[in-house]
Amino acid sequence: MRFGTQCLMNKSTPFLLYQLITRGFQRLVISFSIPSSELDMLTQLATNQLEIDDPQKCLSAFGLLMTCMYCGREGSRVLNLERDQDTTDQMLAGAMDKMRKILDCVGHCCEAQAKPLAAVICYLVTDFFPKEQMINTFVSEFLSKRQQNRHFISLVIHELFQGIISAGNFSQICEWVIPVLGNFVQLQPLDFSVWCTSILLVCSTKNQELSRLLPIIISTPGGTINPDWFALLCQDFASNLSVEDTSTFKEMLALGARAHGSNNVKNEYSVVCELFAPADE
């Protein structure tokens, strides 16, 4: 055990040996051959290894971390084992710390490394966390200036939102989207703001046809979004809102128009505001 952990912590350890050790630890964890105290230590080690620069070693450590989470204390939540509230809260807090490490890793790692990590995050959220508790976390991560792989985070948000919508809880989506919309519409420059707002709206749509636009929008990060698509997404989202929420949504769009307006030149936000104007007359 000690030799293996020392090898994982040694930056000069060749990848093949590193991978061999992580897989060996995974087998021990799966067979429940490691005492709980050593499992906690191994879990912490795997979490810390997400910070290393080597993408291959990072993914191997990530695989070990997932094994430790599902077979360790956090995994008892997945199996719905009975626990007292204090223990459950502690396990949730521990899982949340690991999720932050994973998101930090996605934020700065290369695309080849970020893609598999982001794909697994969707399952982690479903298995370990109340979905409503994770919305702010992922939206904040999406808006973070240090986030280099925003397109992968958008896929996680899409899966998260669509799962909530499928459960018949669209009103919850509205409660989260409308308050944060002001941050999206004021992003600079304009093209980036429209791109981010479009992703937020396409993730929030109940229309499966519009939902399929997500890969197309993602493929043009920071680029120019088709104005007709943007207008359609805004109209679709507004059509599912209450009167009060619709009014707030229009105010957010107007805020975006002002934030990017200069010399009375129209922008995507002001054009959409004009589309809504007849309904206000």
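This passage looks at how helices H7 and H9 pack in a predicted model, and then at a glycine in a loop elsewhere in the chain.

Two packed helices are described by the angle between their axes and the distance between the axes. For helix H7 (residues 111-128) and helix H9 (residues 150-166), the angle comes out at about 15 degrees, and the axes sit 9 Å apart. Angles under 35 degrees count as roughly parallel, so H7 is roughly parallel to H9. The crossing of H7 past H9 is right-handed. On the H7 side, the contact is made by Glu111, Ala114, Lys115, Ala118, Ile121, Cys122 and Val125; H9 brings in His151, Phe152, Val156, Glu159 and Leu160. Sorted by class, that contact has eight nonpolar residues, three charged and one polar.

H9 itself checks out on length. With 17 residues at 1.5 Å a residue, H9 should span 24 Å, and its end C-alpha atoms are indeed 24 Å apart, so the two figures agree. H9 is also mostly covered, with 13 of its 17 residues buried. Just past the end of H9 comes Gly168, which takes a positive phi of about 80 degrees.

Another glycine, Gly72, turns up in the loop between helix H4 (55-71) and helix H5 (75-78). The relative accessible area of Gly72 is 16%; buried means under 20%, so Gly72 counts as buried. Along the chain, Gly72 and Asp40 are 32 residues apart, yet their C-alpha atoms are separated by 8.0 Å.

How values were computed: Residues are numbered from 1 along each chain as its sequence is written. This is a predicted model: local features need pLDDT of at least 70, side-chain atom pairs count only at pLDDT 80 or more; totals for chains, interfaces and linings use all residues. Side-chain values use heavy atoms; hydrogens and water are left out. Axes are lines fitted to C-alpha atoms, for helices over the stretch in contact, and angles run from 0 to 180 degrees between N-to-C directions. Helices (H or I, at least four residues) and strands (E, at least two) are DSSP runs, numbered from the N terminus. Angles under 35 degrees count as roughly parallel, over 145 as roughly antiparallel, 65 to 115 as roughly perpendicular and the rest as oblique. A crossing is left-handed if the near helix is turned anticlockwise from the far one by less than a right angle, and right-handed if clockwise. Contact means heavy atoms within 4.5 Å. Ala, Val, Leu, Ile, Met, Phe, Trp, Tyr, Cys and Pro count as nonpolar, Asp, Glu, Lys and Arg as charged, and the others, Gly among them, as polar. The expected span of a helix is 1.5 Å times one less than its number of residues. Buried means under 20% relative accessible area, exposed over 50%, partly exposed in between (1.4 Å probe, protein chains only).
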